[in-house]
Amino acid sequence: MSDIIINGGRRLSGEISIQGAKNSVLPVLAATLLCGGESVIHNCPGLSDVATSVKILKHLGCRCEKENNTITVDAGEVSGCDIPDKLMREMRSSVVFLGAVIGRTGRAVISSPGGCELGPRPIDLHLSALERMGVTIREEHGYLNCTAENGLRGAEIHLGFPSVGATENIILAAATAEGDTVIHNAAKEPEISDLADFLNRAGARIYGSGSDTINIYGVEHLGGTEHTIIPDRIAAATYMACAAVTGGRITLENMMPSHMVSILWSFKECGCGVVSCGKSVTVTSPERLRRIPTVRSLVYPGFPTDAGPIAVAMLSVADGTSVFVENIFENRFRYVDELKRFGAKIKTEGKTAVIEGVNRLSGAECKATDLRGGAALVIAALCAEGESRIGEIHHIERGYDDIVKTLKGVGADINYSRE
Ligand code: EPZ
């Protein structure tokens, strides 16, 4: 496995076209299982998680073709209902296939998704909702054996937490269920609306996505359709931070600024120039970034947990002390010890990180601990003095479409090392 080598201190400037959203393309690919015809999905990012999703679809009997950033899925002959353990482990978010497989076949056998780098990843909200919709779930030897003996039926569901994945699984199970489903306290992330848009184009009847109450009226059949995945707001935040910490100026194209109001606001708060114009945003770094007294991760439209590591890396070179509070995941600071190798002064206690900004970071050898933690190390390396080497980059490749080529394109001295 190669590493990423970065020689820091280069001012980044130029244009970056933002990739399709990882957290949208995965549930949309799962949703193609419900469609009797051919689904054509545009703006799919080139990610390992996308490749794994295609492997799962093929394993279940779908015909899949990929041409550049377009993936075509023909789910006319779905035959399987099990997702092999190896594939479940490759991609933690494969649990989002659960609702679609049951919706299509009436059955699903998946291995219990393990925890991940962010701590335990329970799926109790997913399972209790599916049980209310008529699914019997037996846990045997680490596998979940799910059966809807009498088919899926609509239900009224209240989520104790607005879980993104649980909301998606309920939508996928309810789209072709018998009767109507209401989700109260649903997740409101843009990726939920993108999934609903895709399904409605295929003939589903889903109303209220993007709000905390979603109504789904089950339909008999979904046909094929064509869809373009929304831009990845977290990838956009990442590249904005790369500009912000290097004294640079970058214009991001193919964006949806309305999906990232809280993120854009935080860049303005630390002194960046942020100018939105239609689907593009230009970010200009100040001489020195200002601290942000407190940033808290919240469910949408609050500051997204996935942008937390990006903000912490950026604030590690700001003027003053900032505080970041992680309210969504239990253990999302594993990357901080790696950031400290660059000379960052960060103290974590429970869900709080106190970041004392320093003038300069220095190049370091480090290892990515998770997807967004890995992105934080790239940001630190870009502004550090000297050479940095980042290992375990498979974490980063799960969510960023060729980050090396993208950053090289705006002037970064960044390469893969092959040894
Ligand atoms: C999705 O994960 C995203 N992943 C995550 O992005 C993102 O951080 C998260 O939503 C929050 O926005 C994908 O979309 C593939 P949740 P998900 O269910 O669905 C608890 C990235 O880096 N919970 O909203 O797993 C859970 O433990 C990834 O791109 C339960 O307790 O997130 C967590 O504390 C990381 N029981 C909180 O809810 C459940 O049944 C949020 O989880 C489900 C979740």
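**A ligand and a cavity**

In this predicted model, a polar side-chain atom of Asp 124 sits 2.8 Å from a nitrogen atom of the ligand. Once the protein is in place, it buries 86% of the 820 Å² that the ligand exposes when taken alone. Apart from the ligand site, there's also one cavity of 30 Å³ or more to look at.

**Who touches the ligand**

- There are 22 residues around the ligand, and the ones that come nearest are Asp 124, Leu 125, Ser 163, Asp 306 and Ile 328.
- Asp 306 puts a polar side-chain atom 2.5 Å from an oxygen atom of the ligand.
- Val 164 uses its backbone instead: an N or O atom there lies 2.9 Å from an oxygen atom of the ligand.

**Where the shell comes from**

- Four helices each give two or more residues to the shell around the ligand: H1 (22-31), H5 (124-132), H6 (164-174) and H12 (371-383).
- Helix H5 chips in the most, with three residues.
- Both domain 1 (3-19 + 231-417) and domain 2 (22-228) supply at least three residues to this shell.
- Sort the shell by class and you get nine nonpolar, six polar and seven charged residues.

**The cavity**

- The largest cavity holds about 40 Å³ of space.
- Its lining is made up of Ala 237, Ile 263, Ser 266, Phe 267, Phe 303, Ala 307, Ile 310, Ala 311 and Met 314.
- Helix H9 (261-269) and helix H10 (308-315) each give two or more residues to that lining.
- What kinds of residues line the largest cavity? Eight are nonpolar, one is polar and none is charged.

Key. Residues numbered from 1 in each chain as written. Predicted model: local features only at pLDDT ≥ 70, side-chain atom pairs only at ≥ 80, totals over all residues. Heavy atoms only, no water. Near = heavy atom within 4 Å. Polar contact = N/O pair within 3.5 Å; in protein donor to acceptor, adjacent residues only side chain to side chain. Areas by Shrake-Rupley, 256 points an atom, 1.4 Å probe, with all protein chains shown as cover. Nonpolar A, V, L, I, M, F, W, Y, C, P; charged D, E, K, R; others polar. Domains from an automatic or database assignment. 1 Å grid on protein atoms, 1.4 Å probe; cavity = no way out; pocket = protein on both sides within 12 Å on 5 of 7 lines; lining within 4 Å. Points joined across faces, edges and corners; volume = space filled by probe spheres on them.
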